[in-house]
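Let's take a walk through this one, starting with a small local feature and working outwards to the way the chains sit together. Have a look at the model first.

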Protein chains: 2
Amino acid sequence: MTRPALHPNTNHRVVIVGAGFGGLECALRLKGAPVAITLVDRRNHHLFQPLLYQVATASLATSEIAWPIRHLMRDRPEITTLFATVSGVDAANKRVLIDDGDTLPYDTLVLATGARHAYFGHDEWEPFAPGLKTLEDATTLRRRILVAFERAERESDPERRAALLTFVIVGAGPTGVELAGTIAELAQDTLPPDFRNIDTHQARVVLIEAGPRVLAGFADDLSAYAKKSLESIGVEVILGEAVTECSTEGVVYGDKHLPAKTLIWAAGVRASPVAEWLHAPADRAGRLQVLPDLTVPDHPDIFAVGDTVTIADAAGNPVPGIAPAAKQQGRHVAASIMARLRGETPKPFRYSHAGSLAQIGKRKAVIDFGAIKLRGTIAWWIWGIAHIYFLIGLRNRLSVAISWLWIHARDQRAARLITQGSSKVVR
Amino acid sequence: MTRPALHPNTNHRVVIVGAGFGGLECALRLKGAPVAITLVDRRNHHLFQPLLYQVATASLATSEIAWPIRHLMRDRPEITTLFATVSGVDAANKRVLIDDGDTLPYDTLVLATGARHAYFGHDEWEPFAPGLKTLEDATTLRRRILVAFERAERESDPERRAALLTFVIVGAGPTGVELAGTIAELAQDTLPPDFRNIDTHQARVVLIEAGPRVLAGFADDLSAYAKKSLESIGVEVILGEAVTECSTEGVVYGDKHLPAKTLIWAAGVRASPVAEWLHAPADRAGRLQVLPDLTVPDHPDIFAVGDTVTIADAAGNPVPGIAPAAKQQGRHVAASIMARLRGETPKPFRYSHAGSLAQIGKRKAVIDFGAIKLRGTIAWWIWGIAHIYFLIGLRNRLSVAISWLWIHARDQRAARLITQGSSKVVR
C-alpha cells in the first residue's frame, strides 16, 4: 500500500490532541479542507462517555460505547491517527511533545484533552472512592459493585454484611444520579433471584451532595422530581453535606460516619494540564481560559475545546462540560481553521444550549429544554432514543437497543462480569 | 427474602468445584434430585471457551461469551453459588478448603476444575508468549495484537517494524489454527484502510507446530486441507519444529531465530492440581486418572470430570479435552449421583464422539464427523450455526449473530479496544 494521495495543497498541518467529542468533531468537520491532520490520543478508542455509567453497572458491554479512532477515520486519507501520549507543547517551535521523545510539528494545534475526576485536594481518597472517566474506570467500578454483593453473600457478620451492601455515591450531578438509580435497579430488579443468603433488596444506595439539590444544572422542579423519584426506588438522598473523609471503612460527612465498602466519586473534575503546558490562565479546576474565538491567549495558532477549557456563553454563564458543548466547539474550530485558510477572520464561538437530559432509573428521566420540561416515562423514552441516535454506526445502535430491551423486558443485564482477576485477587 | 424452600430430603450435600462445561452440566442435570448443591468457582462467570479466540482477535465482546454463574442458577433454589477459590480437599473429613480459611462440607464432591495452558517446563516463557484460557487472557492478547499494529505504524526502522508485524502462534491444534486464521483476516480484511504508514497486508502470521500436521485430532485429509487453506490466506505453517526459546525478541525453533514482537502460546495444557490435592495418580500433564465411573481411586464419594482428568474411551484412546466431552462427563456424574441416592450402582462412563470442528478463517472450516467429513464454506456455516446454538440464551445468540454478520458483511470488528491502560502503559 502506498501512502494515500493527499489534498493537493496540504502543506498546512493541523494536530488535534484528544479524540473525545470535541477533537473528533473537529476532525470530522475539517473534511475537504486543504490540511493534513494528525489526530493523537493516548487511547485507541473514542468513548461515548454519557453511557459510561451503564458499563459500570453491568448494563452495557465496553465495546458498545467505544469505537477504534482510526476506524472512524478510515475514509479520510488526509488524517493520520496516532496512538500516543502527549506530554506537552513547545509553542515557541510549534510542535507537540510525545512522551517517548517524538515531536509533532503543527501549523495549527487543537487541544481537546478533556478532564479527569478530582478530589478537591484529597487525591488520597481515589483508591477508596474511584471515579468514572475511562473504560477501565467503568470495569473497575463494575467489579467493585459485583464483588460487594458476592462478599455479602458469604459474610455472616451482620454489620460487615450491611457495610458490603451499602453503596455511596458522592456528587449528585447527572453521573451521580444515573449511577445511584442504576445501582438501585440492579439491587431491586436484577439481582434478587440470584442470591441465596442475602436479600439484595436490602442494599442501601446513598447519594451525598454538598449542594442544596440534585441535578443542579436543571430547573428547580425537575431537581425536586428527580430527588423524589430516586427516593421512590430506594435511593437515600443526602443534600447540603460535604464528604470529609473516604476510607476502606466508609465515608464521613458532617458529624456522621457511614460504614460502606463501595464508594463512588462523581463530585468534581479537574481539567487536563494544557494550561500548565502553555503557561496560560486557568480557573480553579485547571480549565484553560480561552478567548472568544476559542484560541489560547497569546497563541493564535492554538485552539482549545471541551472539558479542558472554560468560556462563558452569551448570558455570561459558563458553558457546561457536556458532550454537545464540546462538539459545538470542535465544529466551530474546524470552521475557524477553514475560514483562516481562505483569508477570512473567524467568528467568536456562540454556545447554543439544546437541553439537559438525565436518566433516573426504573424507566424515568428528566429533560430540561428550557421552555419545555419533561419528566417520567415519556422523558425516559426520549432520553433512550436520543442516546441511541448519538451512538456511532448502525451496529452499536442495534446492539445497545437489544441490551436495553433485555434489561427492560427481563431485568437481565448482559455484562455482569467480574474481570481483572479471580476471586483471590479481587477480594 | 427468606431462604427458598429446598427439596424435603436435601440432607445430601453435593459440592461442585468449577462452573465450566463439566461442572455446569452436572449442576443443571441434578435438577429435581434430592440434594443441596454448592457450586463454587473462582470466577463469577461461565465462559464459552470455544469462542475465546474471537475475543482475543477483537471479533466478539467479552460479555457475548460469558454468563454470570449465579444468574444461570437463578431458578434453582437448591443451588448456592459461591464466588471463591478452592485451595484443596480434606478428603478424610469430607470438606473442601477455601483459600480464605472457610471450609465446605460435602457428601459428594465433583471436581471440574479444568486446565491452564502449560509451557513444558518453561514457565519463564509465559510473559513473552501468553496463552488463552480466561477472559483476561483474551483481552490481554487483544491488547498485544492491536498494540503491535499501532507501534508498527509509528516505527520507522524497517527491521523493528517487521518484527512488530510478525505474529507467531505456537501450536496448531484448533485454538492455534483459529487464532492464526483470524489474525490473518484481521490483517488482510479489517485493518488495511485504517493505517497510513504501514500496509497491514504485509503482516506475517506464522504457525509453528512440533507435530507432523495441523489439527492432529482430525483426519489426515482435513489436516492437509486446513494447512492449504491457512496458506492461501497468507499464514506460514511450519511443521515438525519445536520452539526452543521465547523472548521479547521472538522465537527460536530448530536452528532458526524468527524476530517477532507478538507470540501466542497454544501448545499445551496442564491440569488443575486436583490430583495433588488428593494424592491420586495423574498423567504427565497432571490429569487425574479416574476410574471408569469417573470417581477418584480410593475416593468413591469424589467424582472428577473434564480437562482435569484423563480417561480412555471404548477403543482405548484418551477422551479429548473438548467441551462436549466435559459435558457428557458432567451429565454422567449427575446421573450417577441420582442412581446412588436411589440405591442403584452407577454405570461406567462411555464417551460418544460427536465430531470435531475447527474454523480456519475467511469463511472456511473443517468438520470431522468420522464417517462424514466436511470442509470449506458449507463446513463454516455448520460451524457457525452449531456455535450459536450452543451459546446460552437468546440474547447472546442474537448478539453473536449480529457481530458475525458485521464481520462478514463489512469486515468490521466491534471489539477493537486496547484496554488495561493508556498508550504510556501498554507500550
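Two residues are what it takes to get from S14(A) to S15(A), and the connection is a hairpin. This is a predicted model, so keep in mind that local features are described where pLDDT is at least 70. The two strands, S14 at residues 243–247 and S15 at residues 250–253 of chain A, are antiparallel and share four bridges. To find the register, put A:Val243 across from A:Tyr253 in S15(A).

Carry on along the chain and there's another hairpin: S15(A) and S16(A) also have two residues between them. Here the turn contains A:Gly254, with a positive phi of about 55 degrees. S16 covers residues 256–259 of chain A, and it runs antiparallel to S15(A) with four bridges joining them. For the register this time, look for A:Val252 opposite A:His257.

Elsewhere in chain A, three strands make up an open sheet, ordered S6-S7-S8 and paired antiparallel. The edges belong to S6 (86–90) and S8 (103–105) of chain A; each has a single partner strand, so one side of each has no neighbour in the sheet. On average, neighbouring strands here are turned by 20 degrees against each other, ignoring direction. S6(A) is held to S7 (residues 95–98) of chain A by four bridges, and A:Gly88 has A:Leu97 as its bridge partner in S7(A).

Now for a helix. How far apart should the ends of H9 (residues 323–341) of chain A be, given its 19 residues at 1.5 Å a residue? The expected span is 27 Å, and the end C-alpha atoms are indeed 27 Å apart, so the two agree. Its buried residues include A:Pro324, A:Lys327, A:His332, A:Val333 and A:Ile337. The buried residues of H9(A) pack against strands S1 (12–17), S2 (35–41), S9 (108–111) and S21 (299–304), plus helix H1 (21–29), of chain A. After the helix comes A:Gly343, with a positive phi near 85 degrees.

Finally, step back to both chains. A turn of 180 degrees, with a shift of 0.0 Å along the axis, lays chain B on chain A with an RMSD of 0.0 Å. That's the relation of a two-fold axis. Both copies use the same surface, with 100% of the contact residues of chain B recurring in chain A. The contact involves 48 residues of chain B and 48 residues of chain A. Among the elements giving two or more residues to chain B's side are helix H4 (135–154) and helix H11 (394–410) of chain B. By type, that side has 19 nonpolar, 14 polar and 15 charged residues.

Conventions
Residues are numbered from 1 along each chain as its sequence is written. Chains are lettered from A and ligands numbered from 1 in the order in which they are written. This is a predicted model: local features need pLDDT of at least 70, side-chain atom pairs count only at pLDDT 80 or more; totals for chains, interfaces and linings use all residues. Copies are superposed by least squares on the C-alpha atoms of residues with pLDDT of at least 70 in both. Two residues are in contact if their C-beta atoms, placed from the backbone, lie within 7 Å. Ala, Val, Leu, Ile, Met, Phe, Trp, Tyr, Cys and Pro count as nonpolar, Asp, Glu, Lys and Arg as charged, and the others, Gly among them, as polar. The expected span of a helix is 1.5 Å times one less than its number of residues. A residue is buried if 20 or more other C-beta atoms lie within 10 Å of its own, exposed if 12 or fewer, and partly exposed in between; C-beta atoms are placed from the backbone. Two strands pair if DSSP finds at least two bridges between them. Axes are lines fitted to C-alpha atoms, for helices over the stretch in contact, and angles run from 0 to 180 degrees between N-to-C directions.
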